[in-house]
Amino acid sequence: MHERGILFVLTGPSGVGKGTVLKEVRGQRELYLSISATTRQPRPGEQDGVHYFFLTREQFEKKVAENGFLEHAEFSGNCYGTPAAPVDAQLDAGHDVLLEIEVQGAMQVHQKRPDAVRIFIAPPSFDELERRLVGRGTEQPEVVRRRLETARHELTMAEQFDYIVVNNTVEQAAADVLAILRAEKCRAARVQVK
């Protein structure tokens with residue numbers, strides 16, 4: 001009998017570099033990355049079951065009613081959520097699973113799965129986060145301003161997480177996340193000495 005995998009939740013404010021850190025981590029460690037469900041239409045090149053599970057609003061609401069999501073929310077008129085069944089199947093098979101989700105979603109996961117290991121990616125400073133968001137040049141100033149307001153609030157929640165990793169450099173932040181993943185495998189409650 002194999003041991004159950006560990007559920008890891010990676011979160012942090014918009015623009016902190018979660019996706020970039022995760023890409024570096026996945027280049028060095030095999031993890032099942034959860035695929036989210038959404039009611040939005042697929043963008044060119046996106047495939048159902050690869051990039052997202054594309055659902056109708058009715059299918060999504062049915063899954064919510066059946067408690068089929070670990071977390072879910074609505075943004076800009078579209079619903080997003082983390083389906084529980086694929087995550088549980090991977091955990092039961094002994095694979096570690098990582099969710100890269102927004103802070104509010106991470107709080108919902110903690111309510112349903114208090115054993116999940118929660119990692120908060122933080123910027124070196126708020127000024128640096130603002131520089132990164134503005135520097136992307138992909139959003140209008142009003143959108144950046146709203147993201148920064150949200151980020152300011154989310155940063156106050158960091159201490160509620162199991163770990164805080166400061167993203168000074170992608171390499172160091174990824175090394176810190178990898179160290180957390182290794183340490184959690186060695187946690188006394190998870191290891192059976194025979």
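## Exercises on a predicted model

The protein chain exposes about 11,000 Å², and carbon and sulfur atoms supply 50% of that area. The structure is a predicted model.

### Exercise 1. Overall form

Task: decide whether the radius of gyration of the protein chain agrees or disagrees with that of a compact globule.

Solution.
- Start with the rule. For 194 residues, a compact globule would have a radius of gyration near 16 Å.
- Compare. The protein chain has 17 Å, which agrees.
- Add the spans. Along its principal axes the C-alpha trace covers about 60 × 40 × 30 Å.
- Count the elements. The protein chain has seven helices and nine strands.
- Check burial. Of the 194 residues, 42% are buried.
- Look at the contacts with a separation of 6 or more. Residues 24 or more positions apart account for 67% of them.
- Finish with charge. There are 25 positive and 28 negative charges, and their mean positions are 2 Å apart.

### Exercise 2. The nonpolar cores

Task: find which residues have the most contacts inside the largest nonpolar core, and which elements supply it.

Solution.
- The largest nonpolar core has 25 residues. Val 25, Ile 119 and Val 177 have the most contacts inside it.
- Map the core onto elements. β1 (7-11), α1 (18-26), β8 (117-122), α5 (126-136), α6 (141-155) and α7 (170-185) each supply at least two residues.
- Pick the main contributor. α7 gives the most, with six residues.
- Note the second, separate core. It has 19 residues, including Leu 7, Val 9, Val 97 and Ala 122.
- Now take Val 25. Leave aside neighbours within four places in sequence. Val 25 then touches Leu 31, Ala 174, Val 177, Leu 178 and Leu 181.

### Exercise 3. Helix α4

Task: list the buried residues of α4 and say what they pack against.

Solution.
- α4 runs over residues 103-112. Val 103, Gly 105, Ala 106, Met 107 and Val 109 are its buried residues.
- Their partners are β1, β5 (69-75), β7 (97-100), β8 and α6.
- Met 107 also turns up in a loop contact. Beyond neighbours within four places in sequence, Gln 160 is in contact with Met 107 and Arg 118.

### Exercise 4. Four loop residues

Task: say whether Ser 34, Gln 160, Ser 125 and Asn 67 are buried, partly exposed or exposed.

Solution. Two cut-offs are needed: buried means under 20% relative accessible area, and exposed means over 50%.

| Residue | Loop | Relative accessible area | Class |
|---|---|---|---|
| Ser 34 | between β2 (32-33) and β3 (37-38) | 16% | buried |
| Ser 125 | between β8 and α5 | 33% | partly exposed |
| Gln 160 | between α6 and β9 (163-166) | 43% | partly exposed |
| Asn 67 | between α2 (57-65) and β5 | 52% | exposed |

- Take Ser 34 further. Neighbours within four places aside, Ser 34 is in contact with Thr 82, Val 87, Val 97, Leu 98 and Leu 99.
- Val 97 also belongs to the second core.
- Check the backbone of Asn 67. Its phi is positive, about 60 degrees, although Asn 67 is not a glycine.

### Exercise 5. Sequence against space

Task: for Val 166 and Pro 124, Gln 160 and Glu 130, and Ser 125 and Tyr 32, set the separation in sequence beside the C-alpha distance.

Solution.
- Val 166 and Pro 124 are 42 residues apart in sequence, with 5.8 Å between their C-alpha atoms.
- Gln 160 and Glu 130 are 30 residues apart along the chain, and their C-alpha atoms are separated by 23 Å.
- Ser 125 and Tyr 32 are 93 residues apart in sequence and 31 Å apart, C-alpha to C-alpha.
- Return to Val 166. This residue is found in strand β9. Its relative accessible area is 34%, so Val 166 is partly exposed.
- List its contacts, leaving aside neighbours within four places in sequence. Val 166 meets Ala 122, Pro 123, Pro 124 and Ala 173.
- Link back to Exercise 2. Ala 122 is one of the residues of the second core.

Notes. Residues are numbered from 1 along each chain as its sequence is written. This is a predicted model: local features need pLDDT of at least 70, side-chain atom pairs count only at pLDDT 80 or more; totals for chains, interfaces and linings use all residues. Side-chain values use heavy atoms; hydrogens and water are left out. A nonpolar core is a set of buried Ala, Val, Leu, Ile, Met, Phe, Trp, Tyr and Cys residues joined through side-chain atoms within 4.5 Å. Buried means under 20% relative accessible area, exposed over 50%, partly exposed in between (1.4 Å probe, protein chains only). Helices (H or I, at least four residues) and strands (E, at least two) are DSSP runs, numbered from the N terminus. Contact means heavy atoms within 4.5 Å. The radius of gyration is taken over C-alpha atoms; the globule rule is 2.2 Å times the number of residues to the power 0.38. Accessible areas come from the Shrake-Rupley method with a 1.4 Å probe; for residues, only the protein chains shown count as cover. Lys and Arg count as positive and Asp and Glu as negative; His and the chain ends are not counted. The place of a charge is taken as NZ of Lys, CZ of Arg, CG of Asp or CD of Glu.
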